[in-house]
Amino acid sequence: ILPCLWVKLWTENNQSKDGFSPTHLSNRQITMKNRKNENIELDASFSKIFIQNKQVLIVVCRNFTERNRLIKEKNELKEQLYHAQRVESLGRLAGGIAHEFNNILHALQGHIDIVLLFSKIEDESAKKHLNSVMILVEKVSNITVQLLGFARKSKFQEKIINLKDVLSSTKEMFIPLVNKQIELLMDIPQYDCIVKGDALQLQQVFINLLINAIDAVEHNIDRPRRISLELKRASTFPENWKPLKTDADPNDYYQIIVEDNGYGMEKETMNQIFEPFFTTKEVGKGTGMGLAMAYGEISNHKGFMYVKSQKDVGTAFFSYIPIFKDEGVH
């Protein structure tokens, strides 16, 4: 609390008024610089009094910088918690629906198999339609698998794996998808990065993120198209962000960053991208399950995922996966 920031003459040679009874004028929120050239937020109270026949303005300020910072941090954590609870609720709902839907699909697939196996269908057009139905059933079945992955109810083959090898094989799978107009930067360390998890599910997560990056940069006309993937031991979390596990130490995690310089996203879009079936792509170009599945799988590995994006600048996905404790020190 600052007892008094300044006393300033307001008018001089005024007629004498009685006493020191202050007249309150207003309260203002103001921002100033301290001696270290840092912004400080002040609650200023302005009052006028008369001293020796002179009307003066008294400004009393209280420093609310730290209080405002804590309020902002609390609101951000509350928003993260709300979003996590919403995603978890959607996951439970999606998991229940996916199981029921899967049962129907298996029954439908079985009936079609029986028809094709035991019935003599001579009409080629009928055969063609039945085969088309089978293809559609398989596609829908793949979507239910992704839903179950988002809901953390898919089969999870937990093993001790080397994250460096997972991302190296992901790179080999991804390179054929990248055209010559896209600059691809891969920074994978030489040392082993041992984690406990499912290599195939993690590979699918990062393939999805990289494919989304291709879609994001394809509209770059007046600037280069660039995608990068980086694996390293984390030392800090992104600025102004903390995982909901508030005691999490970044040094206990590997950090995988998938970044592009594409069209980016606005805040409203970022708040929904991990929800099932939400997509900004054109009809027929995406199911809206890729990022939902990625979020579910990283959570399934006891990790966190954070997205940072700016419209017309680009997007970065930060994934954090716990280091396997018996791996030793590098």
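**Exercise 1.** Decide whether Ile160 is buried, partly exposed or exposed in this predicted model, and find what Ile160 touches beyond its sequence neighbours.

*Solution.* Start with the location: Ile160 sits in strand β5 (residues 159-162). Next, take its relative accessibility, which is 48%. Buried would need under 20% and exposed over 50%, so Ile160 counts as partly exposed. Now look for partners, skipping anything within four places in sequence: that leaves Ile194, Val195, Lys196 and Phe324 in contact with Ile160. Finally, check Lys196: 36 residues separate Lys196 from Ile160 along the chain, yet their C-alpha atoms are 4.6 Å apart.

**Exercise 2.** Work out how helices α3 and α4 pack: what are the angle, the handedness and the character of the contact?

*Solution.* Two numbers do the basic job, since a helix pair is described by the angle and the distance between the axes. For α3 (residues 163-174) and α4 (residues 199-217), the axes come within 9 Å and cross at roughly 45°. That angle makes α3 oblique to α4. The crossing is right-handed. On to the side chains: α3 brings Leu163, Val166, Leu167, Ser169, Thr170, Met173 and Phe174, and these meet α4 residues including Phe206, Ile207 and Leu210. Sort the residues of this contact and you get 12 nonpolar, three polar and no charged.

**Exercise 3.** Determine how many residues of helix α6 are buried, then inspect the backbone just after α6.

*Solution.* Count along residues 290-300: 11 of the 11 are buried, so α6 is largely enclosed by the rest of the structure. Among them are Glu297, Ser299 and Asn300. Then step just past α6 to Lys302, which has a positive phi of about 60°.

Notes:
Residues numbered from 1 in each chain as written. Predicted model: local features only at pLDDT ≥ 70, side-chain atom pairs only at ≥ 80, totals over all residues. Heavy atoms only, no water. Axes fitted to C-alpha atoms, helices over the stretch in contact; angles between N-to-C directions. Helix = DSSP H or I, 4+ residues; strand = E, 2+ residues; numbered from the N terminus. Parallel < 35°, antiparallel > 145°, perpendicular 65-115°, else oblique. Left-handed = near helix turned anticlockwise from the far one by under 90°. Contact = heavy atoms within 4.5 Å. Nonpolar A, V, L, I, M, F, W, Y, C, P; charged D, E, K, R; others polar. Buried < 20%, exposed > 50% of the residue type's maximum accessible area, 1.4 Å probe, protein only.
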